[in-house]
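Subject: Handing over a structure

Hello,

Here is the structure I promised to pass on to you. Please open it alongside this email, and my notes follow below.

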Amino acid sequence: MKSILFILPLVFASYSFAHETANKTPLACQEAAKAGLKWEGNQWNTARFHEDKFILVLEDGSLTIESVAPVIGRPESRVTCKADTQAISEDLTIQCTDDLGGYLFFNPITMKGGEAQLFGSTMSGNKRDTLSVSAFTCTKF
């Protein structure tokens with residue numbers, strides 16, 4: 001009887017842990033291409049950028065803020081995500097934005113998405129920051 005009382009909490013604890021992590025799906029993502037605009041010589045110039053790799057985490061039909069923030073945000077930015085099942089293609093899409101011009105759009109069915117940085121377009125003079133856009137693909141791991 002004592003062994004059952006000892007084993008029972010372990011079974012419940014392992015079930016709880018498995019249930020908690022079962023709702024989270026990590027995704028390894030790779031940008032296929034990245035380009036944008038740089039402010040140089042008092043004008044916008046087109047530029048290519050190094051493609052990045054990053055991890056996103058799906059949880060309960062959306063992406064976690066913690067996984068999106070490093071991709072689109074800066075430490076001081078606030079990120080919000082929302083899932084939309086009424087998209088034009090009738091696929092599930094997830095849209096994430098931050099308060100500094102970062103945007104991420106992702107379809108967990110096709111595992112493809114895009115990311116953009118637009119904050120620099122609002123600046124004036126030589127304080128303008130780089131604008132960028134990228135297309136990426138993710139795989140579960």
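What follows is a short tour of the fold, the core, the disulfides, one helix and a pocket.

Please keep in mind that this is a predicted model. The chain has 141 residues, 31% of which are buried. Its secondary structure amounts to two helices and nine strands, and along the sequence these run in the pattern α-β-β-β-β-α-β-β-β-β-β. If we take the contacts between residues at least 6 apart in sequence, 46% of them join residues at least 24 apart.

Let me begin with the interior. In soluble globular proteins, nonpolar side chains tend to be buried together. Here the largest nonpolar core contains 17 residues, and Leu27, Leu56, Leu63, Leu104, Phe106, Phe136 and Cys138 have the most contacts inside it. Two or more residues of this core come from each of β1 (24-40), β3, α2, β6, β7 and β9 (131-140). Phe106 is a good residue to click on: leaving aside residues up to four places away in sequence, Phe106 touches Leu27, Leu63, Leu92, Thr93, Ile94, Met111, Lys112, Gly113, Phe136 and Cys138.

Cys138 leads on to the disulfides. How many disulfides does the structure hold? There are two, and with bonded cysteines counted along the chain they follow the pattern 1-4, 2-3.

One of them joins Cys29 to Cys138, with an S to S distance of 2.0 Å. Cys29 belongs to strand β1 and Cys138 to strand β9, so this pair ties together parts that are 109 residues apart in sequence. The link of Cys29 and Cys138 is right-handed, with 105 degrees about the S-S bond. Both Cys29 and Cys138 are buried.

Another disulfide joins Cys81 to Cys96, with S to S at 2.1 Å. Because Cys81 lies in strand β5 and Cys96 in strand β6, this pair ties together parts that are 15 residues apart in sequence. The torsion about the S-S bond of Cys81 and Cys96 is about 115 degrees, so this disulfide is right-handed. Are Cys81 and Cys96 buried or exposed? Cys81 is partly exposed, having a relative accessible area of 22%, whereas Cys96 counts as buried at 0% relative accessibility.

Next, have a look at helix α2, which covers residues 65-72. Ser67, Val68, Val71 and Ile72 are buried there. Why do these buried residues line one face of the helix? Seen down the axis of α2, they fall within an arc of 110 degrees, so they sit along one face. Glu66 and Pro70, on the other side of α2, are exposed. As for what the buried residues of α2 pack against, the partners are β3 (53-59), β4 (62-63), β5 (79-84), β6 (93-98), β7 (102-107) and β8 (112-117).

Helix α2 also turns up at the largest pocket. About 170 Å³ of space lies in that pocket. It is lined by 14 residues, and the closest to its centre are Arg74, Gln117, Asp129, Thr130 and Ser132. With three residues, α2 gives the most to the lining.

To pull the threads together, α2 packs its buried residues against six listed strands, among them β3 and β8, gives two or more residues to the largest nonpolar core, and gives the most to the lining of the largest pocket.

Happy browsing, and best wishes!

Methods: Residues are numbered from 1 along each chain as its sequence is written. This is a predicted model: local features need pLDDT of at least 70, side-chain atom pairs count only at pLDDT 80 or more; totals for chains, interfaces and linings use all residues. Side-chain values use heavy atoms; hydrogens and water are left out. Buried means under 20% relative accessible area, exposed over 50%, partly exposed in between (1.4 Å probe, protein chains only). Helices (H or I, at least four residues) and strands (E, at least two) are DSSP runs, numbered from the N terminus. The arc is that of the directions from the helix axis to the C-beta atoms. Contact means heavy atoms within 4.5 Å. A nonpolar core is a set of buried Ala, Val, Leu, Ile, Met, Phe, Trp, Tyr and Cys residues joined through side-chain atoms within 4.5 Å. A disulfide is a pair of cysteine sulfur atoms within 2.5 Å. On a 1 Å grid over the protein atoms alone, a cavity is a set of points where a 1.4 Å probe fits but cannot get out, and a pocket is an open set with protein on both sides within 12 Å along at least five of seven lines; lining residues have an atom within 4 Å of a point. Grid points are joined across faces, edges and corners, and a volume is the space filled by probe spheres set on the points.
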